[in-house]
Amino acid sequence: MLEVKNVNVYYGAIHALKDLSLKINEGEIVTLIGGNGAGKSTTLKTISGLLTPKSGEVKFNGKMTNNLRATDLVKLGISHVPEGRRIFTKMSVMENLEMGAYIRDDKKEMDKDYQKVFSLFPILEKRKGQIAGTLSGGEQQMLAIGRGLMSRPKLLLLDEPSMGLAPIIVKEIFKIISDINESGTTVLLVEQNANLALKLSHRAYIIRNGEIEIEGKSEEILEDDRVRKAYLEG
């Protein structure tokens with residue numbers, strides 16, 4: 001479904017991604033793990049069109065997407081739920097979900113998807129008239145994911161969905177990510193909680209200083225001594 005090949009991205013003189021390559025197959029949950037500043041969010045922004053690589057290729061379902069705008073990529077089926085949620089805090093919950101569907105005009109299908117979001121996140125239906133900025137942190141994360149789903153994506157990019165949340169809410173969010181995947185949406189997950197991410201995902205990439213250092217099946221990477229020492233212990 002997605003192929004990133006030898007991609008290089010710069011922030012001015014800073015070489016953020018260095019010949020980075022990864023693949024995601026349809027139906028997978030793939031996790032991208034690394035320390036702060038390793039290039040995880042930069043990778044997602046490059047895939048979703050928020051950053052343009054200086055060199056290399058990004059292909060989605062066989063189509064080269066390097067120079068497409070982010071809005072064009074949403075139409076192709078890529079939805080990006082950014083780090084820090086980035087909801088519209090002064091809008092209602094329902095208005096936020098409507099913003100997620102801004103590229104669509106199929107009202108009947110949109111209504112089905114609103115109900116799908118509410119089935120995943122029942123609290124959002126109860127809060128749909130509430131101003132989003134007054135929601136709890138967990139509810140805001142649910143809203144951010146729900147808004148991302150409203151474009152009916154083929155590939156959902158999730159950047160640090162557990163950040164700042166209580167463990168019980170994190171467990172709930174990860175269960176919902178699994179449900180989203182089982183319903184047919186492919187997921188690329190960036191997550192600091194390496195243990196949970198590896199247990200949830202099918203495959204994983206470990207990124208360090210803008211380069212892929214380790215890749216493989218998640219169950220195997222969980223047992224890798226290098227990964228355990230760097231990301232799973234302490």
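This report walks through a predicted protein model, from its overall build down to a few backbone details.

Some bookkeeping comes before the structure. Because the model is predicted, local features need pLDDT of at least 70 and side-chain atom pairs count only at pLDDT 80 or more, while totals for chains, interfaces and linings use all residues. Numbering starts from 1 along each chain as its sequence is written, and side-chain values rest on heavy atoms, with hydrogens and water left out.

**Overall build**

The protein has 10 helices and 10 strands; both are DSSP runs numbered from the N terminus, with helices being H or I of at least four residues and strands E of at least two. Its radius of gyration is 17 Å, which agrees with the value near 17 Å for a compact globule of 234 residues. That radius is taken over C-alpha atoms, and the globule rule is 2.2 Å times the number of residues to the power 0.38. Along the principal axes, the C-alpha atoms fill a box of roughly 45 × 40 × 30 Å.

Buried residues make up 51% of the 234 (buried is under 20% relative accessible area, exposed over 50%, partly exposed in between, with a 1.4 Å probe and protein chains only). Of the contacts with a separation of 6 or more, 66% join residues 24 or more positions apart; a contact means heavy atoms within 4.5 Å. About 11,500 Å² is exposed, and carbon and sulfur atoms supply 48% of that.

**Strands and how they pair**

Two strands pair if DSSP finds at least two bridges between them. Here are some of the pairings:

| Strands | Sense | Bridges |
|---|---|---|
| β1 (residues 2-11) and β4 (residues 55-60) | antiparallel | 5 bridges |
| β3 and β8 (residues 186-190) | parallel | 4 bridges |
| β3 and β9 | parallel | 4 bridges |
| β9 (residues 203-208) and β10 (residues 211-217) | antiparallel | 6 bridges |

Strands β2, β1, β4 and β5 form an open antiparallel sheet in the order β2-β1-β4-β5. The edge strands are β2 (14-24) and β5 (63-64); each has a single partner strand, so one side of each is left without a neighbour in the sheet. Where β1 meets β4, E3 stands opposite K59.

Strand β3 (residues 29-33) is well tucked away: 5 of its 5 residues are buried. I29, T31 and I33 lie on one side and V30 and L32 on the other, and both faces are covered. V30 stands opposite L188 in β8, and L32 faces Y205 in β9.

In the β9/β10 hairpin, I207 has I212 as its bridge partner. There are 2 residues between the strands, and N209 takes a positive phi near 50°.

**A mostly covered helix**

Helix α1 (residues 40-47) has 7 of its 8 residues buried, among them K40, S41 and T42. Just after α1, G49 takes a positive phi of about 90°.

**Positive phi elsewhere**

Most residues other than glycine have a negative phi. Two further residues that are not glycine go the other way: N6 has a positive phi of about 50°, and E160 has one of about 55°. N6 sits in strand β1 and counts as partly exposed at 39% relative accessibility. E160 lies in the loop between β7 (155-159) and α7 (167-182). Is E160 buried or exposed? At 4% relative accessibility, E160 counts as buried.

Notes
Areas by Shrake-Rupley, 256 points an atom, 1.4 Å probe, with all protein chains shown as cover.
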